[in-house]
Amino acid sequence: MDDRHGEHYGRVLLPKDCCMYSFRVDVPAQFRFPCQIESLEKKERAARETRPVKMEPAAGGGGGRQQASRRRPADLGLLALLCSSLLLNAIFLARHFLPPSRLLAGSGGGGGTCGLSWALQAAREAEAVAAVDCSGHGQAFIDGVAGEDGRPGCECNACFGGPDCSLRTPGCTADADSGNPLFLEPYWRRHAAASAVVFSGWHRMSYVTTDGRFQSVELERQIRRLHRAVGNAVADGKHMVFAAGSLQLINALVHALSPDADAGSPPARVVATAPYYGAYRVQTAMFDGREYRWGGTTARWANASRNSSTDGSFIEFVTSPNNPDAMLREPALRGSSAAIFDHAYYWPHFTHIPAPADEDVMLFTISKPSGHAGSRFGWALIRDEKVAKRALDYVSDSIMGASRDTQLRMLGIVKAMLASLHGEDDIFAFGHDVIRSRWRRLNAAVSRSRRISLQKIAPGNCTYFKRIREPSPAYAWVRCEREEDEDCHDALLKANIITRAGVGFEAGSRYTRISLLKSDDDFDVLMERVTDLVDAEKKDDAAPGSSSM
Ligand SMILES: Cc1ncc(COP(=O)(O)O)c(C=O)c1O
């Protein structure tokens, strides 16, 4: 029997040094890819070279070949039958698990590297760093600080330390401030192959991409597909503008919707209904100019008699679902008002999707649906061509378009998301499960308290999941109920919980926001501190007159 056949029939190998298939089945030579053959040949050659020259006489433990030569014809027949059965299984498995593109990819290349040359080193480096053991409480990054051995070490999650992040900091403060969407990190770890991106050192070096644009045509197409498949927004018939995070689009859209500075009209007032995402105020105030200015909350203008010739027009930010309280929102002002709908959280992780959003100006970010906040990528869907052009000009004039490297990575991520939809690995089902369970756990703990309460959210019918789904808000909006806890942020800080103060959302200090988006470790520590807080309250109740906060 040919050596290339015999020893590897039906065995499932994990990739070692050559093909980067996430799943490999070894098959006979005529069915193998050249890289596999090369790799096996190399191994066999190495094995032959290291084999002792003198073999012990075959007293049960002799060389396989010697044994084989002594086999009787009946044994050989049985073996052949077994081999053919295994062969058929192996072919079936290979066809089943390797997508056609992978089968093709392996067939053209020469050498023991699957036809890969310059990409191998980078791939090896990426895998080596990803494999660094940080005890599940941190990770190493290619661009992390290199240790004495020249390799990047672990960067530990909050409340963990030591070289491999295995040491837990006792009594650690829980940090539930930022909306850092690390709850999705485990998802991408599980889908490492689908989300990995490799590109050359000369990839898209130019300022421009296809047809002299700053935006990838293919990425735009895939994002439209994603909206269509999820059913959360009508992207068809709208212009798409990319930017470095949706944060950049906040001002791009305010600029695009404002009256022309030379037209002599009064500046537009940019408003939002409290509690609102503070960046609208911060950005607008920062770029305050002749065209627009921050106008405060809609409550100030909703009932006042407005005169557009003196008050100017209004640009209203409508965040739906809202950050911080997760409510689905409508504009508060009508008439002389343009609305920018920020749909950062309008994805099935965070809310039920009653219908596709179809407003004139809509804002999206990749940060919340896929969790890739570090890539800094957002997009706007804009119906009116002139408004879209002004927004595009803003992004072009300020940064000449979103980073091409980011756009390439986003292309891979969006495709991976699309491929997962409604399957076992559906990213939205995963995200919804995680946040729903966090929301349930937090509610269960807070329900024992009379000191703090959370917003109420009703289950809703989701067109994506095709069922009523339980709430899974990105944030818990906490109210401190005791009279003495006027500053809720401060009250929770004293209980070792860092939150985002309600004043930043123009909601008053009795409120504060808890993020449910961070890592599992962050959430576990948060639950410990919340439980401590509620337990202390119970103790206080049992011994009236004392206060633990
Ligand atoms: C409502 C809302 N809009 C926009 C953003 C900004 O997202 P990006 O990461 O794309 O800048 C956030 C981030 O938390 C947000 O909560």
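Here are some worked exercises on a predicted model, each with a task and a step-by-step solution.

**Exercise 1: The ligand shell**

Find how many residues surround the ligand, and which are closest.

*Solution.*
- Step 1. Start with the count: the ligand is surrounded by 13 residues.
- Step 2. Pick out the closest ones, which are Gly-245, Ser-246, Leu-247, Thr-365 and Ser-367.
- Step 3. Sort the shell by class: eight residues are polar, four are nonpolar and one is charged.

**Exercise 2: The seven-stranded sheet**

Work out the strand order of the open sheet with seven strands, and decide which strands stand at the edges.

*Solution.*
- Step 1. Read across the sheet: the order is S8-S14-S13-S12-S11-S9-S10, and the pairing is mixed.
- Step 2. Look at the two ends. Strand S8 (239–243) and strand S10 (292–297) each have a single partner strand, so one side of each has no neighbour in the sheet.
- Step 3. Add the twist, which averages 25° from one strand to the next.
- Step 4. Zoom in on one pair: S11 (residues 314–319) and S12 (residues 337–342) run in the parallel sense and share six bridges. Phe-314 has Ser-337 in S12 as its bridge partner.

**Exercise 3: Helix H10 and helix H11**

Describe how H10 and H11 cross, and say which residues meet.

*Solution.*
- Step 1. Begin with the axes. Those of H10 (residues 246–257) and H11 (residues 279–286) come within 10 Å and cross at roughly 55°.
- Step 2. Name the arrangement: this angle makes H10 oblique to H11. The crossing is right-handed.
- Step 3. List the residues in contact. H10 offers Leu-247, Ile-250, Asn-251 and Val-254, while H11 offers Ala-279, Tyr-280, Gln-283 and Thr-284.
- Step 4. Classify this contact: five residues are nonpolar, three are polar and none is charged.
- Step 5. Connect back to the sheet of Exercise 2: H11 lies across S9 (268–272), S10 and S11, and runs at about 150° to S10.

**Exercise 4: Helix H10 and helix H14**

Now do the same for H10 and H14: find the crossing angle and the residues that meet.

*Solution.*
- Step 1. The axes of H10 and H14 (residues 385–399) come within 8 Å, crossing at roughly 135°.
- Step 2. H10 is therefore oblique to H14, and their crossing is right-handed.
- Step 3. On the H10 side you find Gln-248, Ala-252, Leu-253, His-255, Ala-256 and Leu-257. They meet Val-387, Arg-390, Ala-391, Tyr-394 and Val-395 in H14.
- Step 4. By class, this contact holds eight nonpolar, two polar and one charged residues.

**Exercise 5: Helix H9 and helix H15**

Decide whether H9 and H15 are roughly parallel or oblique to each other.

*Solution.*
- Step 1. Take the angle: the axes of H9 (residues 217–230) and H15 (residues 404–420) cross at roughly 30° and come within 9 Å.
- Step 2. Angles under 35 degrees count as roughly parallel, and H9 and H15 are therefore roughly parallel to each other.
- Step 3. Add the handedness: H9 passes H15 in a left-handed crossing.
- Step 4. Tally the contact by class: nine nonpolar, two polar and three charged residues. Among the residues that meet are Leu-219 and Arg-225 in H9, and Met-410 and Lys-415 in H15.

**Exercise 6: The four-stranded sheet**

Give the order of the open sheet with four strands, and name its edge strands.

*Solution.*
- Step 1. The order is S15-S18-S21-S20, with antiparallel pairing.
- Step 2. S15 (452–454) and S20 (500–501) are the edge strands, each pairing on one side only.
- Step 3. Follow S20 to its partner: S20 and S21 (residues 511–515) pair in the antiparallel sense over two bridges, and Arg-500 stands opposite Arg-513 in S21.

Methods: Residues numbered from 1 in each chain as written. Predicted model: local features only at pLDDT ≥ 70, side-chain atom pairs only at ≥ 80, totals over all residues. Near = placed C-beta within 6 Å. Nonpolar A, V, L, I, M, F, W, Y, C, P; charged D, E, K, R; others polar. Axes fitted to C-alpha atoms, helices over the stretch in contact; angles between N-to-C directions. Parallel < 35°, antiparallel > 145°, perpendicular 65-115°, else oblique. Left-handed = near helix turned anticlockwise from the far one by under 90°. Contact = placed C-beta atoms within 7 Å. Pairing = 2+ DSSP bridges.
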